[in-house]
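Ready for a short walk through the model in your viewer? Load it, and follow the selections below one stop at a time.

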Amino acid sequence: MALYSAAAAVLAGLERGEGGLKSLVYNSGFPHVRQLYALVSETLRYASVLEKLLDGAALLQAEKKLPPQLAKVLVYDLLFGKGLKCGGRWKALARRHRARLEAELARMKVRHKVSRNEDLLAPEKAVSAAASQVPRYVRINTLKTCVDDVIEFFKRQGYAYLGKASSVEEMKALSGKKFMLDLHLPELLVFPSQTHLHDNLLYTSGHIILQDKASCLPAFLLGPVAGSHVIDACAAPGNKTSHLAAILKNKGQIFAFDVDPKRVATMNTLLTRAGVTGCQLVQQDFLTVDPRDRKYSRVTHILLDPSCSGSGMVTRGPGEEAAPSAERLQALAGFQRRVLSHALSFPALQRLVYSTCSLHQEENEDVVQAVLQEWGSAFRLVTAFPSWPCRGLAAFSGAESCLRASPAETFTQGFFVAVLERCREGAAAPSSLPAAAEESPQPGEGTEPGAAPKKRKKKKQRVKE
């Protein structure tokens with residue numbers, strides 16, 4: 001299904017109340033779910049402006065066979081996006097009406113006495129627009145390439161490389177075709193927020209992954225060594241799974257769980273494109289997995305990113321609950337406590353990362369505190385990433401070992417991460433005590449993440465332009 005038709009179908013499904021934005025996108029059958037999600041989200045953000053444009057330009061009256069949802073998607077990408085990427089009759093249709101639509105947009109700006117497109121948005125959506133200036137983060141897939149080769153590729157495409165960022169403010173100042181290396185994560189590039197890379201050869205070939213910086217933290221901080229057996233407990237759509245595979249260098253075993261067959265199929269497509277091997281996809285509710293099953297007897301690391309309210313995501317639209325009720329939060333937190341406790345019951349487990357894209361204490365610090373209390377002195381929190389500026393809320397003693405992310409403070413999506421480790425026999429410590437100062441540094445712990453990536457002795461495959 002073509003991108004614009006898929007986006008129009010999702011919009012129609014939202015209007016009919018058939019589900020939320022994420023579920024409709026994942027169930028659409030469109031292979032590039034992030035590209036589709038971004039297009040629909042932005043079309044929804046500009047919905048009221050688009051309706052006025054369509055009315056003022058009389059587009060639907062002139063094109064009686066054009067569905068309104070498809071009209072909104074086409075006009076959004078024509079006037080506010082990166083330009084139409086389709087061909088055939090839709091491109092011809094849009095071109096016929098382009099001058100009329102642009103003239104109507106100019107009249108709207110004059111009437112509202114604004115000069116920027118975003119100034120036409122309602123105040124609450126303008127706030128969302130400010131948050132959506134989070135940059136375009138690009139994780140380099142080291143299973144297929146290396147940092148130096150990707151930088152050189154973009155330079156040949158006309159982008160200017162500014163070196164490694166020294167501050168968040170420096171990243172905020174990015175504009176045009178400029179990019180830099182992230183100041184914290186060694187294989188993450190930073191581009192201006194509106195940079196469009198879904199059609200770039202490096203993306204379509206799996207050499208780069210479009211993944212928010214905060215979403216890269218869980219696998220990075222879990223840091224399993226090559227050869228480890230790892231569980232990704234709630235794995236779809238698979239970006240964190242592919243990140244784990246890159247950290248493992250495809251050496252070891254990953255068990256990736258998701259209960260939904262369509263999400264598993266999407267994940268399989270993504271992981272295949274990324275060159276991931278040694279990963280077993282399992283369509284199963286992680287809560288029903290038997291920790292005593294012999295196949296998991298060597299699992300030492302677990303990444304747990306369970307279902308949550310999603311309140312940290314800066315691109316939300318109708319059909320998604322921006323402010324969940326107290327009952328909804330209580331239900332989510334109950335599930336999160338159960339799944340975290342279940343994950344800790346795997347007998348060989350040594351290190352676990354719990355993460356959410358939620359801003360709510362009920363889903364974050366409160367869950368971690370409750371489960372640590374349940375397990376007594378068996379596990380403790382680790383202070384990973386000591387210099388990360390945004391720490392856990394002071395919900396309990398030691399909660400500062402957790403870390404948070406937000407558009408305002410870290411220039412990312414909203415996120416929460418906690419790192420738990422099993423206490424060594426005879427050296428059990430209270431769960432509230434950070435372990436980073438007491439132990440030798442683990443990957444992503446106790447040392448400053450973001451050191452410059454080492455040169456690779458063996459060249460990865462190059463992508464020719």
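Select Lys172 and Phe411: the charged end of Lys172 sits over the ring of Phe411, 5.5 Å from its centre. A charge counts as over a ring when NZ of Lys or CZ of Arg is within 6 Å of the ring centre and within 35 degrees of the ring normal. This is a predicted model, where local features need pLDDT of at least 70 and side-chain atom pairs count only at pLDDT 80 or more, while totals for chains, interfaces and linings use all residues. Residues are numbered from 1 along each chain as its sequence is written, and side-chain values use heavy atoms, leaving out hydrogens and water.

Keep Phe411 selected and add Ser406, which touches Phe411, Thr412, Gln413 and Gly414, not counting residues up to four places away in sequence (contact means heavy atoms within 4.5 Å). Ser406 is buried, at 13% relative accessible area (buried is under 20%, exposed over 50%, partly exposed in between, with a 1.4 Å probe and protein chains only).

Next, pick Lys177, which lies over the face of Tyr159, 4.5 Å from the ring centre. Now add Phe179: what kind of aromatic pair do Tyr159 and Phe179 form? The pair is edge-to-face, with 6.3 Å centre to centre and 90° between the planes. Rings of Phe, Tyr and Trp (its six-membered ring) pair if their centres lie within 6.5 Å; planes under 30 degrees apart are stacked, over 60 edge-to-face, and the rest tilted. Both Tyr159 and Phe179 are buried. To widen the view, select Phe153, Phe154, Tyr161 and Phe191 too, since ring pairs link them with Tyr159 and Phe179 into a cluster.
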